[in-house]
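Student: Got a minute to walk me through this one? I'd like to start with helix packing.
Tutor: Sure, let's bring it up.

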Amino acid sequence: MGLWSKVKGKGTQFKGPQPIGQAIIKNLPSSEIIDSCSIAGPGFVNVVLSQKWIAKSIQRMLVNGIETWAPKLPVKRAVVDFSSPNIAKEMHVGHLRSTIIGDTLARMLEYSNVNVLRRNHVGDWGTQFGMLIEYLFEMFPNGQVNDQAIGDLEAFYKASKQRFDSDPAFKERAQQAVVSLQGGEERYRTAWTHICEISRRGYERVYERLGVELEEKGESFYNPYIPGALELLSKHGLIEESEGARVIFIEGKNIPLIVVKRDGGYNYASTDLAALWYRLNEEKAEWIIYVTDVGQREHFEMVFMAAKRAGWLPAEDNKYPKASHVGFGLVLGEDGKRFRTRSTETVKLVDLLDEAKSRCKTVLIERGKADEWTEEELDRTAEAVGYGAVKYADLKNNRTTNYTFNFDQMLNDKGNTAVYLLYAHARICSIIRRSGKDIEELKKVGTLELAHSDERVLGLHLLQFAEIVEEASTNLLPNVLCEYLYNLSEDFTRFYTNCQVVGSAEETSRLLLCEATAVVMRKCFHLLGITPVYKI
């Protein structure tokens, strides 16, 4: 129809959109992919994909592995900067979103054969360390410090902050301690290292439970690169003096980007510019992805615009190397406000994950699984389902929106939840087990047919897997993959309801279709950082 509007009245042989459609069909080269073509309505060309080709493509994947379905992206190396907790503060729900979203983006890129540098840009530098170190010296004048003596780091942080706010003499000593630390004095460096180490052990416990791998390069790592980066920006005439500070004015923004404070100190902007320079020039990244809450969007926009003006990044958004900010909304409680405990504290991540596991375990015991399974199996399944439920409840939402944290909804075994999806996967595994057939042998000798309409629908959906991963990776939207996975289990349920598998004449073909569905589901779970379960 679009073509007809272009050639209409220009002496063409065609008399309308339908004849153009017919001509297109007649000139299509023959292909094993296409079964038939037809003209519908005012000139749509409908293409029916060949059943044989769909079946053959799925069978090839079963033999050669799901890796052969990986999309090809236009980049070889990417940095994903995510999680990024602050030293001496507990990881809370906000870090959960950054950690889960960042891990999934990294996994999707890795599956697409991109070399991903997973970076934990922890807050381990800056003014709060003077306060913490000075308080540490007061508490332990002999310098002998251990984890037990410090106790809860969060409480230690609050006590030092209270002292900082109420005692001017302490405040002055703390500010001097920052200078000593940044000047490299050994006593201060040792205390700083100790505080960082205790903090690190705390958040590594969370990463272990979530199955997340990160390499730490905190703010302190980029500190030596700041003067050089600012020097390069100055050479481009980007840095100006303003009210005693050094700033970069960004077109269209009301406030400038401050890169050196009035007191000569550096800040987030100076660190982020140095980190961006390092990632482009030293780590040779073609795509740098920052996963933080939406509140930091403007900050990153300004950093990226400064980098474009300096020629570090191309002016066009669709060219590489490029930098992208992946913003996410808040986690809300039932009251619609920011998710906190009853005493208005932020919720500690460790407690939240323990709670999810414990609730799952209770349900499994109520269902009599304690009599059937070993304690280890019970524990492993409760962990996989509990942690999976927390992750999926986050990832299935468009990341830019806020979402309400609700354990009952997350752990529901009906609807769009990880529990429902993990149960669906376990059910497929149980069908294959019940058949008594060796599925690996069937892959080599069996043939897949898609004669029933529900088999065809399921087969077509399986084939869309690669383009869905490509779309989710390119647009940095994990919810696209979640929606695909949920629809896949719905299609499977419809197929299984209407097509007998075990004991039917089509048993071999249908078992292969079951296995292909399980393989794709497992890869989706892997990309979402969820551990599959094989029996429930």
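**Helix packing and a sheet**

Tutor: This is a predicted model. Helix H4 (residues 93-111) packs with helix H23 (residues 507-527) at an angle of about 130 degrees, and their axes are 8 Å apart.

Student: What do you call H4 relative to H23, then?
Tutor: Oblique. The oblique class takes angles outside the other ranges, and roughly antiparallel needs over 145 degrees.

Student: Which residues meet there?
Tutor: From H4, Thr104, Arg107, Met108 and Tyr111. Across from them in H23 are Lys523, His526 and Leu527.

Student: And how many are nonpolar, polar or charged?
Tutor: The H4 contact with H23 has three nonpolar residues, two polar and two charged.

Student: New topic: the sheet. What's the strand order?
Tutor: E6-E7-E8, in an open sheet of three strands with antiparallel pairing.

Student: Which strands stand at the edges?
Tutor: E6 (239-242) and E8 (257-260). Each has a single partner strand, so one side of each lacks a neighbour in the sheet. From one strand to the next, the twist averages 45 degrees.

Student: How many bridges join E6 to E7?
Tutor: Four, and the two strands run antiparallel; E7 covers residues 245-248. As one example, Ser242 has Ala245 in E7 as its bridge partner.

Student: What lies across E7 and E8?
Tutor: Helix H12 (residues 268-281), which runs at about 85 degrees to E8. Helix H13 (residues 297-309) also packs on the sheet and touches E7 and E8. The direction of H13 makes about 70 degrees with that of E8.

Methods:
Residues are numbered from 1 along each chain as its sequence is written. This is a predicted model: local features need pLDDT of at least 70, side-chain atom pairs count only at pLDDT 80 or more; totals for chains, interfaces and linings use all residues. Side-chain values use heavy atoms; hydrogens and water are left out. Two strands pair if DSSP finds at least two bridges between them. Axes are lines fitted to C-alpha atoms, for helices over the stretch in contact, and angles run from 0 to 180 degrees between N-to-C directions. Contact means heavy atoms within 4.5 Å. Angles under 35 degrees count as roughly parallel, over 145 as roughly antiparallel, 65 to 115 as roughly perpendicular and the rest as oblique. Ala, Val, Leu, Ile, Met, Phe, Trp, Tyr, Cys and Pro count as nonpolar, Asp, Glu, Lys and Arg as charged, and the others, Gly among them, as polar.
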